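Student: Could you take me slowly through the strands of this model, and the helices that go with them? I would like to see how one strand leads to the next.

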Amino acid sequence: MRIICLIENTSVNDKLYYEEGLSLFVEYGGKNYLIDTGLTGRAVDNARRMRLPIDDISAVFLTHNHIAHTGGMEQVMRLNPKAEIYIRAGAKEDVFRKNGLFKSPVGQGKGFFKKYANNLILFNNFSEVCEGFYLASCEDFEEKAINPDRSYYTISEEDKKPQPFDFSDESFAVIFPKKRKAEGLILIGGCFHCGAENMLETVSRRWYGIPILAVIGGFHFSSTNPKALNCSADYVTAQSRALKLSGAEKIYACHCTGFRGFDLMDEMLGDRIMYLGGGEALEF
């Protein structure tokens, strides 16, 4: 099994694009999959530059409906018109983010779901892409473990008033890279809005006793400024402690983790954590 970071906020090669988005190319079981598509079509451009078969994708998994993860969908589907698209059913709800006195949509609207209706596989809490490749959502919601960024909201159909969004669009992948599942699993998230701690609790319940080989993704400790936090340092430390207690052998942070967030995680996790830049590959 191999995971290649097509694009994220940084790049390890000056010939590759980078952007405030995330896309991972996954080679698994003789097929190719995509986890998120980045902010624009540049993930496709990077795949071509790395000579990856971006036109041979069996399925696309969208961790949540934020444009930084779904923005490159059109370019991907133009090359793979028959690819299946997995996303939680809650992603169909229109979500906005506060921007001063204004609001801005954060993800794909209803036109997206109409356009790709024949490709979409909407699931509620759990789904299987193929043997050993599963999609899950948080079943544990310890309030203090949820990311404190509360700038996302929906509009009530009844009274047209803003309502806090519960991230019912968010899910994560659990992949078993070995033939024997008992040898370990990999957890891959997009932004961990629901909190790494809550996701780890869910994994522990569903796959009790299975070692965690790696946790990969953005941890949403920063927004547009990677040098600043969008949460308290204590929250970062608490999530890092949960990762440490989970026994995860490696943590590969990227995207919305931010530089300050990564430094704080590094203080807790030491040599167990690495930054995953655009263009880097992991083998399991």
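Tutor: Let us begin with a single pair of residues, bearing in mind that this is a predicted model: tyrosine 153 stands opposite proline 164 in strand E12. That pair belongs to the meeting of strand E11 (residues 152-155) with E12, where three bridges hold the two strands in the antiparallel sense. Stepping back, you can find both strands in an open sheet of four, which has the order E7-E6-E11-E12 and antiparallel pairing. Strand E7 (102-105) and strand E12 (162-164) are the edge strands here, each of them pairing on one side only. If you ignore direction, neighbouring strands of this sheet are turned against each other by 50° on average.

Now please turn to the other sheet, which is also open and has seven strands in the order E9-E10-E13-E14-E15-E16-E17, with mixed pairing. Because E9 and strand E17 (273-275) stand at the edges with a single partner strand each, one side of each is left without a neighbour in the sheet. From one strand to the next, the twist averages 20°.

We can walk into this sheet from the E9 edge. Strand E9 (residues 126-130) runs antiparallel to E10, and four bridges join the two; phenylalanine 126, for instance, stands opposite alanine 136 in E10. The hairpin of E9 and E10 has two residues between the strands, and in this hairpin glycine 132 takes a positive phi near 90°.

Strand E10 (residues 133-136) deserves a pause, since Phe133 and Leu135 point one way from the strand while Tyr134 and Ala136 point the other way, and yet all of them are buried. On the next step, E10 pairs with strand E13 (residues 172-175), again in the antiparallel sense and over four bridges, and tyrosine 134 has valine 174 in E13 as its bridge partner. E13 in turn runs antiparallel to strand E14 (residues 185-188), to which three bridges join it, with alanine 173 standing opposite isoleucine 188 in E14.

Next come the helices, and we can take helix H5 with care. In H5, the residues Ala196, Asn198, Met199, Leu200, Thr202 and Val203 are buried, and what covers the buried residues of H5 includes E13, E14, strand E15 (212-218) and H6. It helps to recall that an α-helix has 3.6 residues a turn, so residues three or four places apart point the same way. With that in mind, look at Ala196, Met199 and Val203, which are among the buried residues of H5.

One of the neighbours just named can be described further: helix H5 (residues 196-206) and helix H6 (residues 233-245) pack at an angle of about 25°, and their axes lie 8 Å apart. Since an angle under 35 degrees counts as roughly parallel, this makes H5 roughly parallel to H6. Their crossing is left-handed. On the H5 side the contact is made by Ala196, Glu197 and Leu200, which meet Gln239, Ala242 and Leu243 in H6, and the residues of this contact divide into four nonpolar, one polar and one charged.

Finally, return to the far end of the strand order, where helix H7 (residues 259-269) lies across strand E16 (250-254) and E17, running at about 155° to E17.

Technical notes. Residues are numbered from 1 along each chain as its sequence is written. This is a predicted model: local features need pLDDT of at least 70, side-chain atom pairs count only at pLDDT 80 or more; totals for chains, interfaces and linings use all residues. Side-chain values use heavy atoms; hydrogens and water are left out. Axes are lines fitted to C-alpha atoms, for helices over the stretch in contact, and angles run from 0 to 180 degrees between N-to-C directions. Angles under 35 degrees count as roughly parallel, over 145 as roughly antiparallel, 65 to 115 as roughly perpendicular and the rest as oblique. A crossing is left-handed if the near helix is turned anticlockwise from the far one by less than a right angle, and right-handed if clockwise. Contact means heavy atoms within 4.5 Å. Ala, Val, Leu, Ile, Met, Phe, Trp, Tyr, Cys and Pro count as nonpolar, Asp, Glu, Lys and Arg as charged, and the others, Gly among them, as polar. Buried means under 20% relative accessible area, exposed over 50%, partly exposed in between (1.4 Å probe, protein chains only). Two strands pair if DSSP finds at least two bridges between them.
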